[in-house]
Amino acid sequence: MNAQKVTWKNLRENWVIFAMLAPTLIGIAVFSYIPAVQAVRRSFYNWDGTSVEELTGLENLRRLLGDLRLWTPLLLGAVLSGLSALVNGERLRRTLRSGGALALLWAFGALAFDASRFFSGTSKGAMAEVRGGLLQVLGLLALGVTCAVAAHRLGEGRRRAGARLGVYLFPILAAIVYLIRVRQFGDSLLWGSFRLIFILIVANLFKMWPSIFTAVCIHRLRSERTQYLYRVLFVVPMIIPQMVGLLIWKFFYDPNVGVLNRFLVITHLDRFLMWLDKWVLHLGVFVAPFKPAWLGDPSLIIPALIFWGFPWVGVIGVLIYLAGLQNISQDVYEAAEIDGIGWWGKFWRIELPLIMTQVRLNLILMIIGTFQAYGFQYVLLGAEGGPQNKGLTPGLYMFYQAFEEQNYGYACAIGLILFFIILVLTVINQKYVRVEK
Amino acid sequence: MAARTKKTHDFAKHSLIWFVLFFAFFPLYIMFEISLKDNAQFVRNPWFPFPPYHWENWRFGWQLVNSYIANSILVSTVAVAATLVTALLSAFVFARYDFPGKTALWYLLLGLLFMPGIMNLVPLFILMKDLNLLNSLVGLTILYTVGGQVFCVFVLRNFIEDIPSELFEAAQVDGAGPIQQVFRIVVPMSGSILATLAILRFLGSWNNFIQPLVFISDDFKQLIPVGLMRLDGEYVKQWGQMMAGFTIAAIPLVLIFLFTMRLFVRGLTAGAVKG
């Protein structure tokens with residue numbers, strides 16, 4: 001590829017190429033980069049978009065997270081240690097690792113100091129309230145110690161690497177749990193939204209499998225024409241606007257006229273749910289007459305969000321996996337058949353390993369997507385995330401603070417925190433997932 | 001024996017696929033079937049259509065959504081065209097020229113991949129207000145155009161770099177400038193990739209929901225996703241008319257799909273892998 005050279009000298013004759021670049025560059029500068037810079041700047045303001053505008057420094061972050069003197073070294077240490085595992089180059093890695101260790105040491109020192117003051121200054125009654133959090137902290141610390149012992153005992157290898165990761169991970173998690181649950185720092189709505197995201201991501205881990213199975217099923221059909229037919233049939237639902245799909249599912253969940261409740265009544269599953277509620281769950285939502293408000297009852301919102309989209313086969317996912325599966329040559333299958341490997345064995349030993357790249361890609365995209373999601377929850381539950389904010393995601397919380405409460409500065413600070421989390425995930429994605437393609 | 005087990009396996013595969021397809025199509029079926037009912041019929045039996053069929057729901061449905069559809073078609077079409085033209089021009093420059101600051105600019109462009117849209121929303125709202133582009137379809141079109149740049153420039157740059165450079169050199173000898181080279185050489189060769197990108201961008205604009213929600217306030221300027229959401233939010237619902245409206249909102253995409261099925265399937269696959 002021999003591109004044409006344009007140097008500073010003949011810049012003037014080639015002004016056309018800059019005119020050609022201009023629309024794109026001006027567009028992204030004005031509508032992407034300026035807002036991004038503004039978002040960072042406005043995180044440090046108390047700002048309602050019109051009249052109130054004052055520089056408050058770190059106040060927004062303090063309101064969101066709590067005592068920054070404890071958070072800063074902890075997060076700094078975590079990021080530096082994480083980076084040290086990602087970068088190439090031995091010297092840089094060592095510098096980062098020792099920097100991270102130093103920051104973590106400082107963080108845990110400060111935390112220990114804080115904890116000793118907290119425990120001596122708190123009455124027994126107040127202690128009882130935070131007992132659940134304390135137990136979690138102790139459990140995580142114990143896991144950390146176990147990992148340290150294991151890392152010491154195990155020989156070199158993947159297990160040891162895993163154990164060493166645990167040595168870093170569990171104490172950091174313990175510290176975070178301590179700050180959030182024991183000291184009850186920061187904005188509880190924000191922590192609630194992160195908790196929701198965590199639950200949704202765990203649920204999505206299970207919801208990834210149906211797409212994989214479906215793709216494998218289509219792939220194993222011997223007729224090319226049927227394969228193509230199914231591919232087309234799977235794309236057809238994509239032509240329905242997403243909003244229509246959302247609203248129809250919302251209608252399925254409607255307590256009075258919705259299809260889901262009617263289905264449960266017709267199949268007598270309602271009796272099972274009522275029995276379950278009476279003797280096991282004690283929620284008090286499945287009672288006669290059977291009209292649970294799936295999106296209106298605080299204890300049903302998260303299950304409803306998880307059940308959403310049953311049987312969880314994403315068109316895009318299926319197409320990606322199919323593209324990956326097509327690279328498997330027929331010889332591999334024939335060899336497997338000679339070795340007498342059954343269909344389940346073929347799945348675990350041939351197909352899954354060979355589409356692992358795509359699975360990991362989907363996994364990371366799913367996690368990033370779940371973190372950013374808020375339109376979905378907005379349509380279903382409104383800006384407050386439904387009753388008791390059960391369906392509030394971080395993005396929705398940002399939206400709520402900005403456009404319902406006019407706390408633009410605070411909203412920008414939430415956006416900033418989200419940005420850093422997503423940035424970390426994207427870096428991991430680029431480093432571990434994309435490179436191998 | 002071996003043949004028989006194979007057959008049963010195939011049957012199992014087909015039934016699993018049809019199970020999934022049933023659920024994928026079930027919402028569409030429910031939508032269509034309810035669009036033919038009045039509320040009394042719908043409460044009596046939501047599952048199957050039965051006479052009398054209320055085709056007039058479709059007329060009401062059309063009245064509910066026609067302005068939203070018109071706005072959406074306008075914004076999406078203009079945005080797709082503008083995206084393709086601007087992305088093609090800059091992709092050509094990135095592919096064919098070395099100029100001072102090229103690498104920096106390229107990374108600036110790719111850097112947007114790291115920037116979640118979620119962070120920009122609030123300051124973008126203020127910026128649009130300052131530029132007097134709030135509540136304006138022009139403003140929304142600009143946002144959609146900018147939103148498509150990174151992906152399209154990225155794909156088109158790779159495509160143009162694969163075109164043999166002799167073609168461009170020959171054109172240059174004949175006195176063709178860069179813009180002529182784009183429209184005489186690149187465009188005729190890139191029909192299918194441009195169509196694929198156009199479909200992807202059109203789908204993206206058609207489904208975009210947060211931006212019209214935040215940036216458009218007048219109902220008569222609203223686009224289809226938010227319009228549908230507003231219909232759903234009304235207190236007393238005429239389910240039949242609403243579902244007819246939903247069905248009508250899907251028709252433009254259905255038409256595009258019918259005419260470009262092959263490209264559509266391929267575009268979604270490619271977009272999924274790269275996006």
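# Briefing: a predicted model of chains A and B

Pro52(B) sits in a loop of chain B, between helix H2 (39–44) and helix H3 (56–96). The peptide bond that leads into it, from Pro51(B) to Pro52(B), is cis, with omega near 0 degrees. The model is predicted. The points below cover chain A as a whole, its contact with chain B, and then single residues in both chains.

**Chain A as a whole**

- Chain A holds 21 helices and three strands.
- Its C-alpha atoms fill a box of roughly 80 × 70 × 60 Å, taken along the principal axes.
- Chain A has 437 residues, and 46% of them count as buried.
- Take the contacts in chain A between residues at least 6 apart in sequence: 66% of these join residues at least 24 apart.
- The accessible surface of chain A is about 22,700 Å². Carbon and sulfur atoms account for 64% of that surface.
- Chain A carries 40 positive and 25 negative charges. The mean positions of the two sets are 6 Å apart.

**Where chain B meets chain A**

- The size of an interface is often given as the accessible area lost when the parts come together.
- Here, chain B and chain A bury about 9,000 Å² between them. Of this area, 79% is on carbon and sulfur atoms.
- Phe114(B), Ile118(B) and Met119(B) supply 8% of the area that chain B buries against chain A. No other three residues supply more.
- The contact involves 100 residues from chain A and 103 residues from chain B.
- Two salt bridges are found across the interface.
- Asp98(B) and Lys5(A) meet through their side chains in a salt bridge, at 3.4 Å from N to O.

**A buried glutamate in chain B**

- Glu33(B) lies in helix H1 of chain B, which covers residues 2–34.
- Is Glu33(B) buried or exposed? Glu33(B) counts as buried because its relative accessible area is 1%, and the cut-off for buried is under 20%.
- Leaving aside residues up to four places away in sequence, Glu33(B) touches Pro46(B), Trp47(B), Phe48(B) and Pro49(B).

**The loop between H14 and H15 of chain A**

- Pro311(A) is in the loop that runs between helix H14 (298–307) and helix H15 (315–325).
- The peptide bond from Phe310(A) to Pro311(A) is cis, and its omega is near 0 degrees.
- Trp312(A) also lies in the loop between H14 and H15.
- Phi of Trp312(A) is near 60 degrees, a positive value in a residue other than glycine.
- Trp312(A) has a relative accessible area of 26%, so it is partly exposed. That class runs between the cut-offs of 20% and 50%.

**The loop between H5 and H6 of chain B**

- Asn135(B) is in the loop between helix H5 (117–130) and helix H6 (137–161) of chain B.
- Phi of Asn135(B) is near 60 degrees, which is positive, and the residue is not a glycine.
- Why does Asn135(B) count as buried? Its relative accessibility is 16%, and buried means under 20%.

Terms used. Residues numbered from 1 in each chain as written. Chains lettered and ligands numbered in written order. Heavy atoms only, no water. Helix = DSSP H or I, 4+ residues; strand = E, 2+ residues; numbered from the N terminus. Buried < 20%, exposed > 50% of the residue type's maximum accessible area, 1.4 Å probe, protein only. Contact = heavy atoms within 4.5 Å. Areas by Shrake-Rupley, 256 points an atom, 1.4 Å probe, with all protein chains shown as cover. Lys, Arg positive; Asp, Glu negative; His and termini not counted. Charge placed at Lys NZ, Arg CZ, Asp CG, Glu CD. Buried area = accessible area lost by both parts, 1.4 Å probe. Salt bridge = Lys/Arg side-chain N within 4 Å of Asp/Glu carboxyl O.
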